Amino acid sequence: MQSIQSSQEAIALENKYGAHNYHPLPVVLSKGEGVYLWDVEGKKYYDFLSAYSAVNQGHCHPRIKDALIDQAGTLTLTSRAFYNDVLGPFEKYLTEYFGFDKVLPMNTGAEGVETAIKIARKWGYEKKGIPENEAKIIVAENNFHGRTTTIISFSNDENARKNFGPYTGGFVKVPYDDVDALEEALKDPAVVAFLVEPIQGEAGVYVPSEDFIVKSKAACENANVLFIADEIQTGIARTGSLLAVCGNCSCEGHCERGSTYTKPDMLILGKAISGGFYPVSAVLADDHIMEVIKPGQHGSTFGGNPLGTKVAMAALEVVRDEKLAQNARRLGEIFRERMEKLVEKYPIVKLVRGKGLLNAVVINDSEDSSTAWDICVALKENGLLAKPTHGNIIRFAPPLVMTEDQLHECCDIIEKTIKNF
Ligand SMILES: *Cc1c(COP(=O)(O)O)cnc(C)c1O
């Protein structure tokens, strides 16, 4: 293997030998620890993307690393053709942690979403009595649920969709945060599920009205339709509670099911469930739903393997022990307060929105201008890594292990950078 001497060299290699399916910021990272990343020239940065919220626990968390190394030397993969001695304990741990009867483990987020879609359809035919091949799933406009052929079929991001057809049918779109539109769509008796992000992350951190989740769940219940929460990005403490569907329930490190908790019929988790070490995703549901899946009807060679499941348990222990939900909630309030001051002072900053440590700053410029990108490049020069998302929006989502002092230092960096635009 060629060893990399400079950022330019690494970028040139990726350009020449890798498919161009991403447009990265021009920084080449070679080391991470906690809230920090270092590039190949040794420059240190604050990470404000956290690998799209996969490293909520911070980079290379020692406890998760130890679990990985320990299991890597013991047993890594058996396939599900046999039982193994980690999967059962993991399933018990995870279902108790999140309060469901059963879990179906997969690897990537998109696979988790695909799994939930399959379970929902099968439930619709076998439990709800919908005629074969007629099941419909309601989704929200501007959703992001992953990149597979079926998932992009119900995206309305033209760039993600165009020339990837023919598309998978059976999906109906309603505007996000619109309970009336949802209720209208639920009148169709062929609807089996409503699949939704409790906060739309990729779309630009759209936080719905306070009662959107509670009301949508109630509307689904009335229509005998499954409410599926995609918490791949919002879950695992990111938004200041264990899950975004926990609302403002005051859980202490572990959700204690406060009055505002909405229990989804299916919960999809990914990203931070394994703290950035190894891809793990999971779909959780109660028995009366999960029981529709029988041997041979769904699976994955790597899903539920001993290495991934050990890593996931360690990653979830860290979330609980280090009280990351509370920290995210507290620091999120400070972050938005500081950003509100920038909104008042600098016309280039239009607004800040978000929950916990999932926040976005909307830049006051046209959708197709490169201002957000240019600001991110300038932030990088000043030692902070963030990435624009759809339109002129910058998402700010640091690891949840950040301290208050570090956060203030980061807000100073953001202010110093914004000042020049
Ligand atoms: C990232 C993400 C996915 C897809 O996860 P992958 O691991 O990239 O397949 C699905 N849903 C949401 C809300 C996400 O943020």
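Guide: Contact here means heavy atoms within 4.5 Å. This is a predicted model, where local features need pLDDT of at least 70, side-chain atom pairs count only at pLDDT 80 or more, and totals for chains, interfaces and linings use all residues. Residues are numbered from 1 along each chain as its sequence is written, and side-chain values use heavy atoms, leaving out hydrogens and water.

Visitor: Which residues is Asn392 in contact with, leaving aside neighbours within four places in sequence?

Guide: They are Val361, Val362, Ile363, Asp365, Ser366, Glu367, Ser369, Thr371 and Ala372.

Visitor: Why is Asn392 called buried?

Guide: Buried means under 20% relative accessible area (1.4 Å probe, protein chains only), with exposed over 50% and partly exposed in between. Asn392 has 5%, so it is buried.

Visitor: What makes the link between the Asn392 side chain and the backbone oxygen of Ser366 a polar contact?

Guide: A polar contact is a pair of N or O atoms within 3.5 Å; within protein, one must be able to donate a hydrogen and the other to accept it, and residues adjacent in sequence count only if both atoms are side-chain atoms. The Asn392 side chain reaches that Ser366 oxygen at 2.5 Å.

Visitor: How do you know that α4 is roughly parallel to α11?

Guide: The axes of helix α4 (residues 87-98) and helix α11 (residues 306-321) cross at roughly 30° and come within 10 Å. Angles under 35 degrees count as roughly parallel, over 145 as roughly antiparallel, 65 to 115 as roughly perpendicular and the rest as oblique, so α4 is roughly parallel to α11.

Visitor: Which residues of α4 and α11 meet?

Guide: Among them, Leu87, Pro89 and Phe90 are on the α4 side, and Thr309, Ala312 and Met313 on the α11 side.

Methods
Axes fitted to C-alpha atoms, helices over the stretch in contact; angles between N-to-C directions. Helix = DSSP H or I, 4+ residues; strand = E, 2+ residues; numbered from the N terminus.
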